[in-house]
Amino acid sequence: MKKYIVLGFALFSINAFAQQDTAEVEDFSMYADMDASPSKTYCTSKIIGNAPSKLVSLGFDFEGPYDMKIGNGGVNNEVAYNYGLRGSANFPVISNTKWLVNLGVNYLDHKYAFKNPSALSNLFTQSLSETGLRSMGANYTIFKPLNEKHFLLHQSNFDLNGDYSFTNFQSVSTVKFQTAVLFGWKKHDRRQFAIGASRTYRGGESLIIPVVLYNYTFPNRKWGIEALVPARAAVRYTINSRNIILGGFELEGASYYLGNMLKNNATIPYSQLELRRSELRNKITYEFSVYKFIWMSLQVGYIYNYKFKVDDGGSTPVYHNKLSSPFYANVSINLVSP
């Protein structure tokens, strides 16, 4: 039996199911084709035409001005801008015709710059201004072909989300766990479909929801669909093999432990506080090759802030907050799979 070495890596996130914030079931077209054995054939996870999978990615996020209203009838705070770094890396640990296993890490930094920080009187906005939000984590992805038409997909994320810093770290007991399991069909090399369920924090708090994975490239090879609903969906247009445009949306969210806010304010009558954050990013992305396997990604769009509330880690509300919708931009440099 002929053996081939399979190169394959998964994307992070965060966003996610990720946080990401992005932690989610990734685009599994990253794996290379697996050869059929004389006795039994196995389907591959590669979809012709899909955007190249990012093995290593380093990017910068910027959000424009918007209003942040804290509490019912509370004071409106003007945010001048948000900014932060995004990074991810993915490594294969098992790669053969019967198993594909990938390990990954991710990082997200989210800083808040208020127009008048000295006038902030709310403890929550003061904490956002001083420490911002941070997320880092690890994930694994398993692709298991069953035969030439069917496969199983499993992915889990372990993320540490909060207002911590590297000098004032957060307890690992606050790690959030997300996972997804899907069963899929692959009729041919241009279409991949799977259904399943996921436990995710993309809505800002723990939810168990159905998920649908659908990747499809039209016969002309110019147009395609890349979707993992409800986490993300995009229509793809391929200019050529080195230039791709995608338009669609992505849901990002997480639950952040506000440990520093509690430590710095002993008078707060709560032993635990968490921020439930969720946003819908509507975007257009241009991805292009700079040199061989080095690609750049330019992304613009606007953010609909779906949820941004603080509670005691359970059901007791502390701040019901409302945010307006800013524009945003992201630029990243990526090492993609061959």
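# Reading strands, rings and salt bridges

Mentor: Start with one residue pair: Thr200 has Leu207 of E11 opposite it. The model is predicted.

Trainee: In which sense do E10 and strand E11 pair, and over how many bridges?

Mentor: E10 and E11 (residues 207-217) run antiparallel, with ten bridges between them. They form a hairpin that has six residues between the strands. Within that hairpin, Gly204 has a positive phi near 100°.

Trainee: How many residues lie between E9 and E10 in their hairpin?

Mentor: The hairpin of E9 and E10 has two residues between the strands. Strand E9 covers residues 176-188 and strand E10 residues 191-200, and they pair in the antiparallel sense over eight bridges. One residue-level case is Thr179, whose bridge partner in E10 is Arg199.

Trainee: How many helices and strands does the chain have?

Mentor: The chain has 19 strands and two helices. Of its 338 residues, 53% are buried. Its accessible surface is about 14,900 Å², and carbon and sulfur atoms account for 62% of that.

Trainee: What describes a pair of aromatic rings?

Mentor: Two quantities are used: how far apart the ring centres are, and the angle between the ring planes. In this model, a search of the whole structure gives 18 aromatic pairs. For Phe183 and Trp185, the centres are 4.9 Å apart and the planes are at 85°, so this pair is edge-to-face. An angle over 60 degrees is what puts a pair in that class.

Trainee: What class does the pair of Tyr214 and Tyr216 fall into?

Mentor: Tyr214 and Tyr216 are stacked, because their planes are at 20°, with the ring centres 6.1 Å apart. The cut-off for that class is an angle under 30 degrees.

Trainee: Are Tyr214 and Tyr216 buried or partly exposed?

Mentor: Buried means under 20% relative accessible area. Tyr216 has 15% relative accessibility, so Tyr216 counts as buried. Tyr214 has a relative accessible area of 25% and is therefore partly exposed. In the edge-to-face pair, Phe183 is partly exposed at 30%, and Trp185 is partly exposed at 34%.

Trainee: Which residues form one aromatic cluster?

Mentor: The cluster consists of Phe183, Trp185, Phe193, Tyr214, Tyr216 and Phe218. A ring can also have a charge over it, as with Tyr328: the charged end of Arg281 sits over this ring, 4.4 Å from its centre.

Trainee: How many salt bridges does the structure hold?

Mentor: There are 16 salt bridges in the structure. In one of them the side chains of Arg86 and Asp61 meet, at 3.0 Å from N to O. Arg86 belongs to strand E5 (residues 76-95) and Asp61 to strand E3 (residues 54-63), and the two residues are 25 residues apart. Arg86 and Asp61 are both buried.

Trainee: What is the N to O distance in the salt bridge of Lys176 and Glu274?

Mentor: For Lys176 and Glu274 the distance is 3.2 Å. Since Lys176 is in strand E9 and Glu274 is in strand E15 (residues 274-291), this salt bridge ties together parts that are 98 residues apart in sequence. Both Lys176 and Glu274 are buried.

Trainee: With which residue does Glu205 form a salt bridge?

Mentor: The partner of Glu205 is Lys307, and their closest N and O atoms are 2.6 Å apart. Glu205 is in the loop between E10 and E11 while Lys307 is in strand E16, so parts that are 102 residues apart in sequence are tied together. Glu205 counts as partly exposed because its relative accessibility is 23%. Lys307 has a relative accessible area of 16% and is buried.

Trainee: Which residues are joined into one network by salt bridges that share partners?

Mentor: The network joins Asp61, Glu63, Arg86, Glu252, Arg277, Glu279 and Arg281. Arg281 is also the residue whose charged end sits over the ring of Tyr328.

Trainee: Which residues does Phe308 touch, not counting those up to four places away in sequence?

Mentor: Phe308 touches Met68, Tyr112, Phe124, Leu128, Leu275, Arg276, Arg277, Asn321 and Leu323. Phe308 lies in strand E16, which spans residues 294-311. Its relative accessibility is 5%, so Phe308 counts as buried. Tyr319 is eleven residues from Phe308 along the chain, and their C-alpha atoms are 8.7 Å apart.

Notes:
Residues are numbered from 1 along each chain as its sequence is written. This is a predicted model: local features need pLDDT of at least 70, side-chain atom pairs count only at pLDDT 80 or more; totals for chains, interfaces and linings use all residues. Side-chain values use heavy atoms; hydrogens and water are left out. Helices (H or I, at least four residues) and strands (E, at least two) are DSSP runs, numbered from the N terminus. Buried means under 20% relative accessible area, exposed over 50%, partly exposed in between (1.4 Å probe, protein chains only). Accessible areas come from the Shrake-Rupley method with a 1.4 Å probe; for residues, only the protein chains shown count as cover. Contact means heavy atoms within 4.5 Å. Rings of Phe, Tyr and Trp (its six-membered ring) pair if their centres lie within 6.5 Å; planes under 30 degrees apart count as stacked, over 60 as edge-to-face and the rest as tilted. A charge sits over a ring if NZ of Lys or CZ of Arg is within 6 Å of the ring centre and within 35 degrees of the ring normal. Two strands pair if DSSP finds at least two bridges between them. A salt bridge is a side-chain nitrogen of Lys or Arg within 4 Å of a carboxyl oxygen of Asp or Glu.
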